[in-house]
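Work through the exercises below with the sequence and the model at hand. Each task is followed by a solution in steps.

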Amino acid sequence: MSPPTPRFACSRVAALPGAVLAAIILAGCAAAPGTAQPAASALALPRTRAERTDYRETSSYADVMSFLDSLRALGAPISVSELARSPMGKAVPLVVASRPVVRTPAEARRLGRPVVYVQANIHAGEVEGKEAVLALLRDWSFGARPNVLDSLVLVMVPIYNSDGNDKLAPQARNRGAQNGPEMIGERPNGAGLDLNRDYVKAEAPETVGALAAFAAWTPDVFMDLHTTNGSYHGYALTYSPSLHPAAPLAPFTADTLLPEIRRRMKAKHGFEVFPYGNFTGANGRESLAADLKSGWATYEHKQRYGTNYVGLRGAVSILSEAYSHDPFARRVASTRAFVQEILSYVAEDRPRILRRVAAGVAAATFTGARRADIPIRGRFTSRPDTQPVLVERLDRVADTTQLTEPGVPRGLRRSGVITAQRMPVIDRFEAALTRTPSPYGYAIEGDWPRARELLAAHGVAFRPLAAPASVTLREFVVDSVVASGRPFQGHREMSVQGRWRDATRTLAAGTVIVAAGTPQDLVALLLLDPESDDGLLTWNVFDTALAKGAVAPVVRLTAPIR
């Protein structure tokens with residue numbers, strides 16, 4: 001169902017250009033007390049395609065761009081620029097919303113407000129975030145009362161996977177475990193890449209654009225809006241902080257911020273929400289029809305995922321997963337409420353959020369005094385909590401070929417019976433291997449142009465040695481090399497085992513030096529350490545140097561270069 005068209009406060013729009021002001025007045029600008037209310041007209045605020053079709057359809061790329069153009073024409077306090085150019089040539093829009101209007105990162109910094117980056121549609125069949133973000137932009141822009149635009153700077157990417165969005169096919173093909181819409185886009189981008197596995201290797205132009213936006217806007221809070229595709233549970237939405245055990249603000253996000261949002265979602269909106277996961281048994285994901293569930297487990301901790309990655313930059317980072325088996329309209333409503341409550345929370349306590357993020361950035365910066373070990377490999381926590389989890393029972397039907405509802409496997413039907421079952425909830429990770437960061441940084445020996453490209457994309461500062469230099473260092477000697485058994489995203493992931501040893505030698509002129517002491521130190525460590533479970537070595541950047549007995553190209557400096 002479409003929400004009522006918001007009314008305008010005339011005082012807010014009185015200074016707009018005449019034609020725009022006339023359109024807004026015709027759309028329903030609230031009259032002054034004691035005066036007649038202007039009649040509504042066809043020149044009302046724009047509605048999303050989902051709203052116009054009673055949630056039977058989702059917005060195309062052209063719909064999104066037209067909607068944003070309409071907001072700008074009506075005087076919305078937004079600026080629109082290009083995040084990236086997609087593989088199929090579409091301009092991926094980056095929208096900045098704030099009162100006063102903000103067009104550049106410098107203007108945002110001068111306001112001194114938290115910057116919140118909200119991204120939707122990274123998997124283009126997961127369409128709820130796209131529709132929710134567009135409607136929120138409209139309602140915030142023309143609402144009668146102050147809202148988050150008066151307290152925050154919002155950087156929003158409503159249609160991140162612009163190519164995949166328009167590769168429409170039936171829901172049963174593109175999103176087999178989802179309840180509509182009937183026609184939706186596909187998961188990969190125009191080059192066939194899963195954009196939410198690309199944040200280390202950065203092969204997609206969308207990823208390169210996003211990394212540049214993170215560097216420019218330095219968001220304090222990041223939200224990535226998705227939709228589940230698996231278990232049947234009793235939650236309208238599930239969520240996650242950055243799961244990497246090195247993410248500085250993951251404990252605050254998981255244990256303070258998100259529990260409060262969970263309380264608000266139920267009290268204010270009637271939505272049950274819970275940490276993201278799927279029902280899982282000893283052999284992986286549990287049978288949908290199993291009456292008793294063995295456990296609830298989240299996804300990987302690796303930094304190839306956007307939410308995990310941004311948390312390593314010191315920010316508050318949050319994943320949102322609407323419940324794929326809910327009707328489309330309810331999925332949009334739960335996503336919309338979740339985004340609103342997160343932003344309201346940040347707006348209510350701006351100084352404390354900014355102080356926490358400053359502490360997170362400091363924790364990601366390695367100074368000479370820092371000696372704390374950093375997790376570079378992770379594993380599921382060995383001490384999960386046991387909690388009640390809401391489970392929906394699925395019933396079998398006599399006709400195993402019968403489709404009872406879109407997204408439900410044939411031969412099964414939803415019972416609507418939801419019970420709470422106590423089970424282990426594995427929603428966080430612990431260190432499997434740690435590294436003490438070098439206060440002097442790293443060197444990359446040899447000519448590795450792709451490594452330099454990726455360091456630059458991630459905002460990691462480096463410089464070539466101008467002349468040969470004798471240095472003390474620790475080098476990694478490879479004992480074994482393991483390649484993944486099958487390709488993933490066009491790569492065979494690599495891992496190595498070996499040992500570190502002390503050495504002294506002369507580095508050649510041109511050797512890349514990555515110095516410590518910047519906010520990207522934590523990201524640099526996880527990209528460069530040979531034993532990182534999701535670094536440059538993982539993604540084949542250094543393959544030609546990997547062999548038993550070889551020294552890995554990345555070495556750790558143990559003293560300043562003189």
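**Exercise 1. Describe the pairing of strand 5 with strand 9, then place both in their sheet.**

Solution. Strand 5 (residues 115–120) and strand 9 (residues 221–227) are parallel and share five bridges. Strands here are DSSP E runs of at least two residues, helices are H or I runs of at least four, and both are numbered from the N terminus. Two strands pair if DSSP finds at least two bridges between them. Val-116 has Val-221 of strand 9 as its bridge partner.

Next, the sheet: it is open, has eight strands in the order 3-4-6-5-9-15-10-11, and its pairing is mixed. Strand 3 (78–85) and strand 11 (273–275) are the edge strands, each paired on one side only. From one strand to the next, the twist averages 20°.

The model is predicted; local features need pLDDT of at least 70, side-chain atom pairs count only at pLDDT 80 or more, and totals for chains, interfaces and linings use all residues. Residues are numbered from 1 along each chain as its sequence is written, and side-chain values use heavy atoms, with hydrogens and water left out.

**Exercise 2. At what angle do helix 4 and helix 6 pack, and which residues make the contact?**

Solution. Helix 4 (residues 61–73) and helix 6 (residues 128–142) pack at about 5°, their axes 11 Å apart. Helix 4 is therefore roughly parallel to helix 6, a term for angles under 35 degrees. Axes are lines fitted to C-alpha atoms, for helices over the stretch in contact, and angles run from 0 to 180 degrees between N-to-C directions.

Helix 4 contributes Val-64, Phe-67, Leu-68 and Leu-71, while helix 6 contributes Lys-130, Leu-134, Leu-137, Arg-138 and Phe-142; contact means heavy atoms within 4.5 Å. By class, seven of these residues are nonpolar, none polar and two charged. Nonpolar covers Ala, Val, Leu, Ile, Met, Phe, Trp, Tyr, Cys and Pro, charged covers Asp, Glu, Lys and Arg, and the others, Gly among them, are polar.

Helix 4 also lies across strand 3 and strand 4 (91–97), at about 35° to strand 4.

**Exercise 3. Which strands stand at the edges of the five-stranded sheet?**

Solution. Start from the order, 13-12-14-18-17, in an open sheet with mixed pairing. Strand 13 (284–285) and strand 17 (385–396) each have a single partner strand, so one side of each has no neighbour in the sheet. Strand 17 is joined to strand 18 (residues 412–426) by eleven bridges, and the two run antiparallel. Leu-394 has Arg-414 of strand 18 as its bridge partner.

Methods: Angles under 35 degrees count as roughly parallel, over 145 as roughly antiparallel, 65 to 115 as roughly perpendicular and the rest as oblique.
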